[in-house]
Every structure is written in structure tokens, then in C-alpha cells.
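Student: Could we go through this protein model together? I would like to learn how to read it.

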Amino acid sequence: MAESHGGAKGPATDAHTEADGGHHSGGFPPFESSTFASQLVSLAIFFVLLYVIVSKLALPKVGGAIEARQNKIEGDLAEAQTLKDQSDAALKAYEGELASARSRAQAIGNESRDKANAQAEAERKALEEQLAAKLAEAEKTIASTRTAAMSNVRGIAADAAGTIVQQLTGVVPDAASVNAAVDASLKG
């Protein structure tokens, strides 16, 4: 059982797959000169038909879409300009209000500072008056204390002079002579 491939000679089994669909005389059909006229007529009809379809159906839709898009863009630009103008106006109003608020705040600050200065000045004057009154009272107290001390100094000086004379001489001096000597010495 030997099979042979290719080299065995047997009955002829060569099958052809070509179909003889007609004889063409010279190659590619669109290039045959005998069909040029019909092809040109078909091309013209097809071109006119395509032109009519495109110009009547497709171009109006595309033109309408382009016009609608252009209108939308112009509308958006107009709206954007309107909004920009409104925002500019709002910004100017805001800046005006801000400047007004700053000036009011400065005026309030100046007024508050002036009131505080006036109040501080009034408190300072009241304190100076109180201190002046206390100083005058203290001077009166010092003067009365000095007067009292000076009156006591005469008595102390007389006692000290009597004690010194007694210690030096051993004799107690009489009070009238001691007082007269102290008065002479205080007068200068």
C-alpha cells in the first residue's frame, strides 16, 4: 500500500477552475475605447445626481449647522461681554464701597482717638488737682509739725542747757536765767 504523490501516472485528473465568461478583446473593461461613451454618460448622470443630492440635502444641513454654531458663538460672546461689563461695574462699586468704608473707619478711629485723648487729659487734670490738694495739705501738716517741733526745741534746749551747766558747775541754775540764755541764742 504505497501511496505515491505527484509522480504517479494515472488517469488525467486536471480540473480547471476558470470559467469562460466571455471573450474580452483587450484587457481592463473601463479602458476599452468602445465603452467610453456609455461610461462618460453614466459618469455625467452620476455626477449630476450626486451634485443635486449634496446641494439639496447635505449642504443645507451643514450650512444650517455652521450658521447655528456661529450664532451660538456670537451669542456666547455677547453674553460673556455682558457678564464682563457687569463684573466690571460690580468691581467698581465694590472699590467705591471699600474706599467709603475705609474713610468712615478712619473718621471713627480719629474720633475715638480724640475722645480718648480728651478723656486722658481730663483724668490727668483731675489727678493733678488731687495731688496739688494733697500736697497743700501735706505742706500745712509739715508747717504745723515744724511749729510744734520748734516750740518743743526751746523746751528741750532749756532742759539740755540746765543739765549741762549743772554737770559742769555742780550747781543747779535757775530756770529764768536758762530760759533767757536759750531765747538769746535762738534769736541769733
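**The bend and the helices**

Tutor: Let us begin with a feature of the backbone: helix 1 bends by about 35 degrees at Leu-59, and a proline, Pro-60, follows within four residues. Please keep in mind that this is a predicted model.

Student: How many helices and strands does the protein chain have?

Tutor: The protein chain contains 2 helices and 0 strands. Helix 1 covers residues 36–169, and helix 2 covers residues 175–187.

Student: What follows helix 1?

Tutor: Gly-170 follows helix 1, and its phi is positive, near 80 degrees.

Student: And what caps the N-terminal end of helix 2?

Tutor: That role belongs to Asp-174, which places a side-chain oxygen 2.9 Å from the backbone nitrogen of Ala-176.

Student: How far apart are the end C-alpha atoms of helix 2?

Tutor: They are 18 Å apart. Helix 2 has 13 residues, and at 1.5 Å a residue it should span 18 Å, so the two values agree.

Student: Changing topic: what share of the residues counts as buried?

Tutor: Of the 188 residues in the protein chain, 3% count as buried. The chain exposes about 16,400 Å², and carbon and sulfur atoms supply 62% of that area.

Student: Which residues form a nonpolar patch on the surface?

Tutor: The patch consists of Phe-46, Leu-50, Val-54 and Leu-59, which together have about 360 Å² of accessible area. You have met one of them already: Leu-59 lies in helix 1, and helix 1 bends at that residue.

Student: Now the charged side chains. How many salt bridges are there in the whole structure?

Tutor: A search of the whole structure finds 5. One of them joins the side chains of Asp-76 and Lys-72, with an N to O distance of 3.3 Å.

Student: Why do side chains of opposite charge pair at all?

Tutor: In general, such side chains can pair when their charged atoms come close.

Student: Where do Asp-76 and Lys-72 sit relative to one another?

Tutor: Both are in helix 1, and they are separated by about one helical turn because they are 4 residues apart.

Student: Is Lys-72 buried or exposed?

Tutor: Lys-72 is exposed, with a relative accessible area of 52%. Its partner Asp-76 is partly exposed, at 35%.

Student: Which residue forms a salt bridge with Lys-115?

Tutor: The partner is Glu-111, and the closest N and O atoms are 3.3 Å apart. Lys-115 and Glu-111 are 4 residues apart in helix 1, so about one helical turn separates them. Lys-115 counts as exposed at 53% relative accessibility, while Glu-111 counts as partly exposed at 44%.

Student: Which residues are linked in a network of salt bridges?

Tutor: The network links Glu-121, Arg-124 and Glu-128. Within it, Glu-128 forms a salt bridge with Arg-124, and their closest N and O atoms are 2.5 Å apart.

Student: What separates Glu-128 and Arg-124 along the helix?

Tutor: About one helical turn does, because the two residues are 4 residues apart in helix 1. Glu-128 is partly exposed, with a relative accessible area of 42%, and Arg-124 is also partly exposed, at 37%.

Definitions and conventions:
Residues are numbered from 1 along each chain as its sequence is written. This is a predicted model: local features need pLDDT of at least 70, side-chain atom pairs count only at pLDDT 80 or more; totals for chains, interfaces and linings use all residues. Side-chain values use heavy atoms; hydrogens and water are left out. A salt bridge is a side-chain nitrogen of Lys or Arg within 4 Å of a carboxyl oxygen of Asp or Glu. Buried means under 20% relative accessible area, exposed over 50%, partly exposed in between (1.4 Å probe, protein chains only). Patches are made of residues with over 30% relative accessible area and no salt bridge: like charges are joined within 9 Å, nonpolar side chains (Val, Leu, Ile, Met, Phe, Trp, Tyr) within 5 Å. Accessible areas come from the Shrake-Rupley method with a 1.4 Å probe; for residues, only the protein chains shown count as cover. The expected span of a helix is 1.5 Å times one less than its number of residues. A polar contact is a pair of N or O atoms within 3.5 Å; within protein, one must be able to donate a hydrogen and the other to accept it, and residues adjacent in sequence count only if both atoms are side-chain atoms. The bend at a residue is the angle between axes fitted to the seven residues ending there and the seven starting there.
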